[in-house]
Amino acid sequence: MLSVETRYAIDPATAKTLDTEGLRQHFHASGLFAEGEIRLVYSHYDRLIMGGAVPGTGSLTLDKVAEAGTASILDRREMGILNIGETGQVTVDGETHEVGRGDVLYIGMGKGPVTFSGPGRFYILSAPAHRACPTRLITVKDARRVELGAPETCNERVILQFLHPEVADTCQLVMGYTQFKPGSVWNTMPAHLHDRRMEAYLYFELGPEQRVFHFMGQPHETRHLVMANEEVVISPPWSIHCGAGTGAYTFCWAMAGDNVDFTDMDMVAMGDLR
Ligand SMILES: O=C[C@H](O)[C@@H](O)CC(=O)C(=O)O
Ligand SMILES: [Zn+2]
């Protein structure tokens with residue numbers, strides 16, 4: 001079963017007038033991982049699609065998505081799939097890929113439909129594409145690792161980059177996930193902006209009683225969203241995106257937009273945050 005929810009892009013002047021519920025309606029998504037279902041969110045920020053596929057005992061096929069306006073979802077799109085569950089299978093273009101926990105499968109434009117099976121919990125990301133890049137399984141050991149932060153600032157972490165120009169060729173999608181050293185809870189602090197690209201975070205491996213306070217908004221006009229396990233936050237190009245957890249967690253970041261240069265960030269000075 002497929003369900004798709006559309007989220008329109010709004011500007012920062014509108015966003016600053018919203019209350020908590022209004023902010024959540026635009027920028028927060030939950031319940032994406034339901035057994036026997038594919039649930040997608042179609043964002044008008046860079047037309048990124050985010051979603052979950054949990055095949056359970058059966059299999060699930062992702063093919064036509066009316067919102068994309070093509071016969072099959074990947075006719076003019078590329079896709080990245082992160083498995084946050086047990087090892088599962090993704091079949092595409094006549095080939096079945098064994099995707100382990102923490103592995104990422106990249107699927108190039110024109111290669112759909114995509115079939116999911118096994119005990120995986122698949123996080124789906126898709127962006128419009130203009131050329132076909134090779135479909136490729138990128139395992140945890142293939143990822144590029146960037147160590148950042150320090151225990152004194154509670155942000156000691158490693159950024160694992162999977163869809164990144166030095167690891168795998170893509171059109172727009174840049175993605176990976178960030179893991180923390182024990183006791184570190186702050187992600188992406190000091191904060192940054194990249195007006196060239198939007199970003200989406202999936203928070204996962206978070207205990208049921210734990211939450212991440214995710215910060216968004218322009219640097220002089222910040223707001224927070226309280227995030228539980230396996231929830232997504234859409235970060236507009238004009239927004240900071242950072243957070244602190246009450247406990248351990250991992251988060252998947254993904255970007256789409258005008259460039260694929262991971263380091264093209266405008267750092268925000270602490271003194272400019274309000
Ligand atoms: O633009 C890049 C993204 O915000 C993330 O990669 C940041 C991140 O994972 C981190 O600092 O922990
Ligand atoms: Zn960013």
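So, His 192: buried or exposed? Somewhere in between, as it turns out: there are 17 C-beta neighbours inside 10 Å, so His 192 counts as partly exposed. Bear in mind that this is a predicted model, so everything I say is about computed coordinates. As for where His 192 is, you'll find this residue in strand E17, residues 192-193. And if we skip anything up to four places away in sequence, His 192 touches Met 265, Asp 266, Met 267 and Val 268.

Now put His 241 beside that. His 241 has 26 C-beta neighbours inside 10 Å, and the cut-off for buried is 20 or more, so His 241 counts as buried. His 241 isn't in a strand, though; look in the loop between strand E21 (231-235) and strand E22 (242-245). Its contacts, again leaving aside neighbours within four places in sequence, are Thr 188, Glu 199, Tyr 201, Met 216 and Ser 235.

Why pick those two histidines? Both are on a UniProt list: the unreviewed entry gives His 192, His 194, Glu 199 and His 241 under "binding site". Those four span 50 residues in sequence, yet no two of their C-alpha atoms are more than 11.5 Å apart, so they gather at one spot.

Okay, ligand 1. Which residues are around ligand 1? Arg 157, Ile 159, Thr 178, Asn 187, Thr 188, Glu 199, His 241, Trp 253 and Met 265. If you sort that shell by class, you get three nonpolar, four polar and two charged residues. Some names should sound familiar: Glu 199 and His 241 are in the shell, and UniProt lists both of them under "binding site" too. Met 265 is also in the shell, and that's one of the residues His 192 touches.

Let's zoom out to the sheet. Seven strands make an open sheet, and the order is E2-E21-E18-E23-E15-E14-E13, with antiparallel pairing. At the edges we have strand E2 (28-29) and strand E13 (144-148), each pairing on one side only. Inside that order, take E14, residues 157-163, and E15, residues 174-180: they pair in the antiparallel sense over six bridges. If you want a register marker there, Gln 161 stands opposite Gly 176 in E15.

Last thing, the confidence numbers. The protein averages a pLDDT of 98, and 100% of the residues score at least 70. For the model as a whole, ipTM is 0.98 and pTM is 0.98. That's what I have, over to you.

Key
Residues are numbered from 1 along each chain as its sequence is written. Chains are lettered from A and ligands numbered from 1 in the order in which they are written. This is a predicted model: local features need pLDDT of at least 70, side-chain atom pairs count only at pLDDT 80 or more; totals for chains, interfaces and linings use all residues. Two strands pair if DSSP finds at least two bridges between them. Helices (H or I, at least four residues) and strands (E, at least two) are DSSP runs, numbered from the N terminus. A residue is near a molecule or strand if its C-beta atom, placed from the backbone, lies within 6 Å of it. Ala, Val, Leu, Ile, Met, Phe, Trp, Tyr, Cys and Pro count as nonpolar, Asp, Glu, Lys and Arg as charged, and the others, Gly among them, as polar. UniProt positions are given in the numbering used here, feature names are shortened, and annotations may be inferred rather than shown by experiment. A residue is buried if 20 or more other C-beta atoms lie within 10 Å of its own, exposed if 12 or fewer, and partly exposed in between; C-beta atoms are placed from the backbone. Two residues are in contact if their C-beta atoms, placed from the backbone, lie within 7 Å. pLDDT is the predictor's confidence in each residue, from 0 to 100.
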